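Me: Please walk me through this structure. I want the reasoning behind each label.

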Amino acid sequence: MKPIMRVEHLTHTYGENTPFCRSAVKNVNMEILEGEFLGIIGHTGSGKSTLIQHLNGLLKPTSGTILLGDRDIWADPKKIREVRFKVGLVFQYPEYQLFEETAYKDIAFGPKNMGLDEGEIDRRVRAAAAFAGLREELLDKSPFDLSGGQKRRVAIAGVIAMEPEVLILDEPSAGLDPAGRRSLLENIRSYHREKGTTVVMVSHSMDEVAENVDRIVVLANAGVVMSGTPHEVFSRAQELIDVGLNVPQVTQVAMALRERGVEIDPAVYTVPDLRRALGALKGGRKGC
């Protein structure tokens, strides 16, 4: 896969030239690959939110470059609005930003701003609602009459309706109950599979990241400290713990077993992985 976005030497400093000067991200370099499902993890204050707000031009770098394809998104500041149609960002708790009379109108807001005709807007609204797991009969309701999970889906559908090349989700399951989290993440996975859109998900949940993404970027101390597949990243569990992060529950079990003398790969990170690893151990003993 080739890169769809590149971050080159990105630094963003808040309060520049004041006593409160602080760099939230510093000399960050990373790639986002076309069609991948990328997870970004890091402890609070590691720079995750600052980083993703640069990807669609909500923040302008203090120094460094954000490339969409081969084009610097800030090459022509007058065209930054077009970048936001191509790189859609769903904030944490996006339901607080709903404002229209109906869910339909809220989802249609982005496509209308793109200057699309009514037929295309309608197609996009209904397709986006389906991808977000929102039942069609809810489209005519006020978003303020919907449940918290339904509001979250409306907000996500509003970004999907713009059909971005890159969809960025900041803690999409935050505050939802376990059933709501599972359902929403399944909808996001389905959208990724069916549309082939690049998806970037920021999450505090190591289990959510482990079960959903193709690759992980780890942030700490305002920079990238690790990048790789889930297996590659979670095989460095102690390093993750050292930078203030946790590891998936399954990995914690594997680490505990290894400490007790069980020769198991400590980098297992999903229940099926653990089941296979334990089955292999059992089979090995039978053959001795």
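Me: How much space lies in the largest cavity, and how do you know that it is a cavity?
Reply: About 50 Å³ lies in the largest cavity of this predicted model. A cavity is a set of points where a 1.4 Å probe fits but cannot get out, so this space is closed to that probe. The search of the whole structure used a threshold of 30 Å³ or more and found 1 cavity.

Me: What makes the lining of the largest cavity, and which element gives the largest share?
Reply: The lining includes Phe-131, Ala-132, Ile-156, Leu-167 and Tyr-191. Three elements each give two or more residues: α5 (148-160), β7 (166-170) and α6 (178-195). The largest share, 4 residues, comes from α6.

Me: What is the class make-up of that lining?
Reply: It has 9 nonpolar, 1 polar and no charged residues. Asn counts as polar because it is in neither the nonpolar nor the charged list; Asn-187 is among the lining residues.

Me: Why are α3 and α4 called oblique?
Reply: The axes of α3 (residues 103-113) and α4 (residues 118-131) cross at roughly 125°. Roughly perpendicular ends at 115, and roughly antiparallel needs over 145. The angle fits neither class, so the helices are oblique to each other. Their axes come within 9 Å, and the crossing is right-handed.

Me: Which residues meet there, and how do they divide by class?
Reply: From α3, Tyr-104, Ile-107, Ala-108, Pro-111 and Lys-112 take part. Their partners in α4 include Glu-118, Ile-121, Asp-122, Val-125 and Arg-126. The contact divides into 8 nonpolar, no polar and 4 charged residues. Lys, Glu, Asp and Arg count as charged.

Conventions
Residues are numbered from 1 along each chain as its sequence is written. This is a predicted model: local features need pLDDT of at least 70, side-chain atom pairs count only at pLDDT 80 or more; totals for chains, interfaces and linings use all residues. Side-chain values use heavy atoms; hydrogens and water are left out. Axes are lines fitted to C-alpha atoms, for helices over the stretch in contact, and angles run from 0 to 180 degrees between N-to-C directions. Angles under 35 degrees count as roughly parallel, over 145 as roughly antiparallel, 65 to 115 as roughly perpendicular and the rest as oblique. A crossing is left-handed if the near helix is turned anticlockwise from the far one by less than a right angle, and right-handed if clockwise. Contact means heavy atoms within 4.5 Å. On a 1 Å grid over the protein atoms alone, a cavity is a set of points where a 1.4 Å probe fits but cannot get out, and a pocket is an open set with protein on both sides within 12 Å along at least five of seven lines; lining residues have an atom within 4 Å of a point. Grid points are joined across faces, edges and corners, and a volume is the space filled by probe spheres set on the points.
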